[in-house]
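Morning, everyone. Let me put the model on the screen, and then we go through it piece by piece.

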Amino acid sequence: MTQTLTPTQSSGASGVEPTKTPWWEFFTFSVDHKVIGIQYLVTSFTFYLIGGALASVVRAELATPDSDLVDPAFYNSLFTMHGTVMIFLWIVPAVTGGFGNYLVPLMIGARDMAFPRLNAIAFWLTIPAGLLLMSSFFFGPASTGWTAYPPLSILTNEHVGQVIWIGSILLVGTSSILAAVNFIVTIWSMRMPGMDLFSMPLFCWAMMATSVLALLATPVLAGAMVLLGFDLLIGTNFFNPTGGGDPVVYQHLFWFYSHPAVYVMVLPVFGIISEVLPPHSRKPIFGYKAIAYSSMMICALGLFVWAHHMFTSGTPDWLRVFFMVATLLVAVPTGIKVFSWVATLWGGKLRLESPLLFAMGFISTFLIGGLSGVMLGSTPIDIHVHDTYFVVAHFHYVLFGGSVFGIYAGLYHWFPKMTGRMLNEFWGKVHFVLTFIGMHLTFGPMHILGLQGMPRRVAQYDPQFAPINVICTIGAFILAISTIPFVINAVYSWFKGEQAPDNPWNALTLEWTTSSPPIPHNWVADPVLTTGPYDYGEEYKDARKEAIASSSSAA
Amino acid sequence: MQGSITPVTATNQEEIIHDHAAAGHAEHPDLRVFGLIVFLISEGMLFFGLFAAYLTFRSVATSWPPEGTPELELLLPGINTIILVSSSFVIHQADSAIKENKVKAAQLWFLATFIMGAIFIAGQIYEYQHLEFGLTTNLFASTFYVLTGFHGLHVIIGLSLIATVLVRSLKSGHYSNTSHFGIEAASIYWHFVDIVWIVLFLLLYIL
Amino acid sequence: MKKNNLISIVVIIGLIFAASIWYGRNNGLLPVAAGDEALLYDGLFNTILAIAFGFFLVVEGVLIYSIIKFRRRKGDETDGPAIHENLSLEIAWTAIPTVIVMWVAIYSFDVYTAMQGTQDLGGMAHGGMHQTVAQAGYERGGMPMSKATLASSKSDGVLMAGTLPAGGDDVVAIDVSAMQFAWIFNYPNEIATAELHVPVGKKVRLNMNAVDVLHAFWVPQLRIKQDVIPGRSTYLEFTPRVVGEYPVVCAELCGSYHGGMRTTMVIDTPEDYATWLKEQQEIASNDPEAIVANHPASNPVSQMSEQEYLAGKVAQLDSDRQIKHMNH
Ligand code: HEA
Ligand code: HEA
Ligand code: CUA
Ligand SMILES: [Cu+2]
């Protein structure tokens, strides 16, 4: 495969000012996938700040063993809303709606998603969902955890809050299904001529796997929500043992969705990492096919591991054993990815700027979360640590150290493309260092807490755990502070930052062939495939030189 | 670069941009049927989840249906089932007709399907009114109403799709052998509703 | 050069192995193991932790090495080598984790059946399997368990709830009732207490029921936990090993004072246990309600009828009391 230099399409190259997306379009029902992508990212990041603010209150309460800052009942609402906001209004919309929408059409050489209007509808469902959820703070927000296990969620005092919670989950769920339909059809049918599945960037593979999971799993959650809603509002007894119902059935339905949901939250991030590493380490991605297949493997296995959240729920033994084996097997495809990334870095020319720093940060912290996940996957181990801070540590390592780090890596990488401006590198490094330290300080010690005997979801705890909790709380405040340099950097750079070239990282995937930011229909003329997505490396140097020569004569 | 762009001159650039903006969907093949099928897989999972829940309730319960649940009448739902299942064949005729550009025939078949669907819903309502248990009587009753209710909702959506197609087909030239997404979509959806009913009927009434 | 590379790789792998095994044995992350099952648990935990720690060292090591060794030098505009794949390497890092993971699954299964898998799978795990556990436990720094101990954990068969712990080596069966936000332990002869007492060295069986919502019985020092589910009974079995006082924690979110739903489990010497049982017997025959009423957390709860719970009236307890209870 050869590399050609592309005549890029900023004004300089073609001599005509390309049409630009006007700013007000970002506040309308736009059907442009790039506008929708940015709408998703900005909206979900706002919810991240809200979710983080809630977490800060949680951590402040936990600084002392007594329940002194907030009422214990309200404490339950705090972590319920924190978990719900973070998962349903931050990570899921950011990685699928945000990055997925922005990047997939650009990467496969399409002008837009297959169903642009459906895309816009999916986005605009998340806004009422978020507002609805926030409104429940006026009525007593849901307080039964983001898992909302019955019978507690049926007998709860916060009846209205729980109903609102169900409503907003149904809305984001619908949004998620519509988006999944759109991605599957787009990736399957809208690839540009000449791009087969195996010359697609890995991010698109990841989005495919993610969308299949969302498509198959989300409706089951919707079913659970509807049944729970009936129990709450009409007095049926699906999940209420007093009327012959079975609370464990709810757990099955809930986790049938919510386990795959964790891969929905991380697969696109795996994709981001696979995109960020090669251009910043100047090497091809190592083991393209293995990474692509491992996404599909994770997708397939991910559908059959849900009961590992229910090892103590009184499920029969054979079920626990089956799910233990399936769960442990997920380590294999994930390991393939991790090792391939590390091999990509090996021998490269690492440009240690914010995108690569966050990507490497992702690998190092996600690894810890994954390994603690494998420990949890072993049934007897999980029985001791289930519903303790060990689990809290696990999922913050994969969700914060994984998803959030990956999102940051993606934001630093594509910010120039999205906005046409560069982010400030110095503040990016500050952001990284603070986040990295804060993250380990907050969530690392939680492993010990859980193993030693501190349950999760408690406002009051045994004083022997106080010192470690203080460390966690300090870490959480560092994390809160760490977002400040990022927010300021992003907002300032968006308006006043240094103008970004079309291809600041010398990257090869198709989104870098158009202007920064891209024009409304992505390219002025149809893009043509000339190389694989990851043909970096010294060996291509001569070919590249030739290509430069030929393409400049063509232009 | 993974790709490059064919160089464009200043003069035709405007034109191309304009073309793409105006072209909208026309530039790629019609993917709406594909999209609908993918969406129906998702819908299928919704029913799958509810069925699985039903089966679990059933297998955990000591007796099923719980003591004292009145027997379900089989005659009316049986007739209803026959009507709904045959309507699937009827709507298929419409699909075939339009592919041969027989708009009138397609309209008639659609009308027939609509009537059959409406009879099904009427039968369902009649059954609801004459059942001796209510939504909250017991677990069986609740699952019965939720499953059939959910399905009934889908029948009603299907009916409104059919009605929409019928109204649109009044405009001459709206549907033809080359452009008939509406007709195809409505019939695919209708088949789906039908299949779900068959499973549901077996689970609730027969098993 | 080539030979040097090989030597250093072997040395590094050796060091990683040594470090992992050392950490697995000396992590000190778990509290006292107060039951026989806890020893099995610790053996398994230490093993998996060692494996995880090994992978941790490998990956983090390569990352740090790369940052130092492969960072771009100033002015270097070249690319790295265009290596796309390496089949044998990829096969290795697929096969090795697969084998490890399967081994972990078998070992876990074995420990699981020995610890509490008394239900359907009981019969399947005899013979060879136990040897694995015993050996592995031994190798990895866990206590070697005698085969007899392990086998007994599943040969007890079905027990009647509430049977008297009639002398000899019978099983101590205790009925546990969980409610917002208290535990009540029912011993034979109408004894009801808020504190759990069990004799050391004897197998204990808890038959658990919940009154209102889900709770979970957890004693960290026993490494066992089980949800307590309304409308369905669940049970736990364990063999206390070390005399002492341990917390009983509710591990399933059950409402506002979920965090305060704690009590104490006392592992008594057989003599102390007998004495305690006798005391309780006397109190119970005088006033059956006394013990429960004495317990600060259960006091308001016990005065409520079941109907009140089911109507969703979550007991609003005085929070001061809760904290006092917690810290007692
Ligand atoms: C992004 C989200 C995410 C991801 C990716 C994961 C990944 C994994 N999770 Fe996690 N998990 C959550 C989010 C996530 N989880 C959340 C939110 C909860 C709690 C929900 C709640 O209760 O509120 C949870 C809870 C949870 C539980 C239940 C705990 C409990 O409540 O008792 C379990 C148990 O099995 C588990 C297991 C795993 C496993 C095995 C993986 C694996 O996919 C990890 C695989 C990765 C690796 C293993 C690392 C790399 C691999 C190698 C280097 C290869 C070699 C390794 C070995 C051979 C060991 N998770
Ligand atoms: C992607 C998901 C995600 C993310 C990113 C986070 C991020 C954080 N979480 Fe997590 N958390 C969950 C998902 C997530 N969480 C879930 C699912 C649960 C389980 C809920 C349940 O049990 O039901 C949970 C539960 C949970 C608990 C356990 C509560 C309990 O069981 O009692 C704790 C405790 O420390 C915690 C802390 C934190 C902290 C400190 C952060 C920090 O990383 C946050 C850092 C970010 C900020 C701090 C934002 C900074 C904002 C500003 C600077 C602006 C300030 C604005 C205003 C004041 C208006 N979380
Ligand atoms: Cu009982 Cu928590
Ligand atoms: Cu899971």
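Which residues come nearest to ligand 1? They are Trp146(A), Tyr263(A), Asp382(A), His386(A) and His394(A), out of 32 residues around the ligand. Before I go on: this is a predicted model. Please keep that in mind for every distance I quote.

So, ligand 1. The ligand sits between chains A and C. Let me take its polar contacts through oxygen atoms. Asp382(A) puts a side-chain N or O atom 2.4 Å from an oxygen of ligand 1. Arg456(A) has a polar side-chain atom 2.8 Å from a ligand oxygen. For His308(A), the distance from a polar side-chain atom to an oxygen of ligand 1 is 3.4 Å.

What is the class make-up of the shell around ligand 1? There are 20 nonpolar residues, 10 polar ones and 2 charged ones.

Now the helices. From chain A, α8 (247-281), α11 (331-345), α12 (354-377) and α14 (389-419) each bring at least two residues to this shell. From chain C, α3 (87-115) also brings at least two. The largest share is that of α12(A), with 7 residues.

On to ligand 2. How many residues surround it? The number is 33. The closest are Tyr75(A), His82(A), Trp146(A), His396(A) and Arg457(A). You have met Trp146(A) already: it was on the list of nearest residues for ligand 1, and here it is again for ligand 2.

Look at the backbone here. A polar backbone atom of Trp146(A) is 2.8 Å from an oxygen atom of ligand 2. Arg457(A) also uses a backbone N or O atom, at 2.7 Å from a ligand oxygen. With Tyr389(A) we are back to a side chain: its N or O atom lies 3.3 Å from an oxygen of ligand 2.

The shell around ligand 2 has 22 nonpolar, 8 polar and 3 charged residues. Which helix of chain A gives the largest share? That is α2(A), with 8 residues. At least two residues each come from α2 (33-61), α3 (72-107), α14, α15 (425-452) and α16 (466-496) of chain A. Note α14(A): this helix also supplies at least two residues to the shell of ligand 1.

Next, the interface between chains A and C. The contact involves 97 residues of chain A and 91 of chain C. How much area is buried there? About 8,000 Å², with carbon and sulfur atoms giving 66% of it. On the chain A side, Phe339(A), His384(A) and Gln460(A) supply 8% of the area buried against chain C, more than any other three residues.

Polar terms now. There are 5 salt bridges between chain A and chain C. One pair in a salt bridge is Lys349(A) and Asp76(C), with N to O at 3.1 Å. Polar contacts link 23 residue pairs across the interface, both partners at pLDDT 80 or more. On the side of chain A that touches chain C, α11(A) has the largest share, 9 residues. By class, that side counts 54 nonpolar, 26 polar and 17 charged residues.

Last topic: inside chain C. The domain assignment gives domain 1 (3-70 + 89-116) and domain 2 (171-303). Taken over C-alpha atoms, the centres of these two domains of chain C are 37 Å apart. In the contact, 14 residues of domain 1 meet 15 residues of domain 2. The buried area is about 1,200 Å², and carbon and sulfur atoms give 51% of that.

How many salt bridges does the rule find across this domain interface? Just 1. Asp42(C) and Arg223(C) form a salt bridge, and their closest N and O atoms are 2.8 Å apart. For polar contacts, the count is 9 residue pairs, both at pLDDT 80 or more. Helix α2 (residues 36-69) of chain C gives the largest share of the domain 1 side that touches domain 2, at 6 residues. That side holds 9 nonpolar, 2 polar and 3 charged residues.

To close, back to where we began: ligand 1 lies between chains A and C. Over to you for questions.

Methods
Residues are numbered from 1 along each chain as its sequence is written. Chains are lettered from A and ligands numbered from 1 in the order in which they are written. This is a predicted model: local features need pLDDT of at least 70, side-chain atom pairs count only at pLDDT 80 or more; totals for chains, interfaces and linings use all residues. Side-chain values use heavy atoms; hydrogens and water are left out. A residue is near a molecule or strand if one of its heavy atoms lies within 4 Å of it. A polar contact is a pair of N or O atoms within 3.5 Å; within protein, one must be able to donate a hydrogen and the other to accept it, and residues adjacent in sequence count only if both atoms are side-chain atoms. Helices (H or I, at least four residues) and strands (E, at least two) are DSSP runs, numbered from the N terminus. Ala, Val, Leu, Ile, Met, Phe, Trp, Tyr, Cys and Pro count as nonpolar, Asp, Glu, Lys and Arg as charged, and the others, Gly among them, as polar. Domain bounds come from an automatic or database domain assignment. Contact means heavy atoms within 4.5 Å. Buried area is the accessible area (1.4 Å probe) that two parts lose on being put together, summed over both. A salt bridge is a side-chain nitrogen of Lys or Arg within 4 Å of a carboxyl oxygen of Asp or Glu.
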